[in-house]
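The following note sets out several points for a colleague reading the model. Please consult the sequence and coordinates alongside each point.

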Amino acid sequence: MAARKGRRPTCETREPMEAESRDTSSEGPAQVYLPGRGPPLREGEELVMDEEAYVLYHRAQTGAPCLSFDIVRDHLGDSRTELPLTLYLCAGTQAESAQSNRLMILRMHNLHGTKPPPSDSSDEEEEEDEEDEEEQKPQLELAMVPHYGGINRVRVSWLGEEPVAGVWSEKGQVEVFALRRLLQVVEDPQALAAFLRDEQAQMKPIFSFAGHMGEGFALDWSPRVPGRLLTGDCQKNIHLWTPTDGGSWHVDQRPFMGHTRSVEDLQWSPTEDTVFASCSADASIRIWDIRAVPSKACMLTTATAHDGDVNVISWSRREPFLLSGGDDGALKIWDLRQFKSGSPVATFKQHVAPVTSVEWHPQDSGVFAASGADNQITQWDLAVERDPESGDAEADPGLAELPQQLLFVHQGETELKELHWHPQCPGLLVSTALSGFTVFRTISV
């Protein structure tokens, strides 16, 4: 939500839930702004970011935009909240020409929290503030390798001590890249310069599969069986990859059959080695067991999970819940113990355009996040109920229209594509969009 407040206009365009709008025409009182629900901004009025709503907020550009990325688990420790933060991403570009694409490792570090509000201070204090600001500038290192073809999806896994990335590209191939060297060189500027000069052109995938006969987007590594991989394509086929002793993979040529249109997303069960879920442009969600032959492996189906394409799913690591998002803008929660009923246990409607990404919080079982083509990122908490004594709804009737479980709406990005919670930094969200990467933590999670 944002407040409307009469001020001089600026070029600020970031629009989180807790933001202000600025208006040259009047010095009116602050009002709540509801994305997609309230009246449109008037001429001379715009939303600006309220930094007090964020613990941390940073943006980064990588040249060509990235349609997909994944967070690389690191050795810096779990449950870390002490600032400044360091994090590692693996991403792939969607450049204008096929030969201009890159697979990259990003090292973001010196990520400090949002600045406290300005106060009346002396010249000496101002100089100290400027020095502090210089010291607190975020840093970004990029280690890139050439990749022919735009990268549709990237997912990272560790095979023992070896980090690898599964890469789906528009050229119709799924490739596996070793990441160890890239992660090494982003730590040392001289090593990085030498790598970009002498080595990057020689970096090739350690395995490639072209048996899908077309491009795709669905890709997921098993969290329980190292190296086990699923890939799904736009031709409705899903293939199972099994790691072999020689550091390679055997890809079963018999696809899992059941969907009638493009497979949009895949998710392994976090509790069962052989079970996975899929969603499709045919509006269905299916549950499979790989112990059966591919033609008979579909065990459960909800044929009309959404009104149209089901774009994304996320399987809770802590509860028997599956979260889905579709072209209808709806977010639905499915209790797998009641999946046969074909009815979700909860449906939330805040997004006014297709949902592009969903993910459960890795530590808090009731919290999840979603992004949409309406340029909103929403944070939700199933445990929240509105306090009837708070008076918020009476103060602003528009609040009564919002789902009680909606914690936060972040705006200001353009063409949001994917988001992930950082598994080792509680509450930290990373997103990619046409406008670049955003790393933030709100006061709500």
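Which backbone nitrogen does the side chain of His 422 reach?

1. The side chain of His 422 comes to 3.0 Å from the backbone nitrogen of Gln 424. A polar contact here is a pair of N or O atoms within 3.5 Å; within protein, one must be able to donate a hydrogen and the other to accept it, and residues adjacent in sequence count only if both atoms are side-chain atoms.

2. This is a predicted model, in which local features need pLDDT of at least 70 and side-chain atom pairs count only at pLDDT 80 or more, while totals for chains, interfaces and linings use all residues. Residues are numbered from 1 along each chain as its sequence is written, and side-chain values use heavy atoms, with hydrogens and water left out.

3. His 422 sits in the loop that joins strand S30 (416–421) to strand S31 (429–433); helices (H or I, at least four residues) and strands (E, at least two) are DSSP runs numbered from the N terminus. With a relative accessibility of 1%, His 422 is classed as buried, where buried means under 20% relative accessible area, exposed over 50% and partly exposed in between (1.4 Å probe, protein chains only). Beyond neighbours within four places in sequence, His 422 is in contact (heavy atoms within 4.5 Å) with Ile 71, Asp 74, Arg 80, Leu 87, Pro 362 and Leu 428. Its C-alpha atom is 8.7 Å from that of His 361, although 61 residues separate the two along the chain.

4. The largest nonpolar core (buried Ala, Val, Leu, Ile, Met, Phe, Trp, Tyr and Cys residues joined through side-chain atoms within 4.5 Å) has 21 residues, and those touching the most other members include Val 72, Cys 90, Ile 105 and Leu 179. Among the elements that each supply at least two residues of this core are strand S7 (85–93), strand S8 (102–111) and helix H2 (180–185). Apart from it lies another core of 18 residues, including Ala 60, Phe 69, Leu 111 and Leu 428.

5. Leu 179 has contacts outside its neighbours within four places in sequence, including Cys 90, Ile 105 and Val 156.

6. In strand S14 (residues 216–221), five of the six residues are buried. S14 pairs with strand S15 (residues 229–233) in the antiparallel sense over five bridges, pairing requiring at least two DSSP bridges between two strands. Ala 218 has Gly 232 of S15 as its bridge partner.

7. The structure holds zero disulfides, defined as pairs of cysteine sulfur atoms within 2.5 Å. For Cys 66, the nearest cysteine sulfur is that of Cys 90, 9.5 Å away. Cys 66 is buried at 3% relative accessible area, whereas Cys 234 is partly exposed at 31%.
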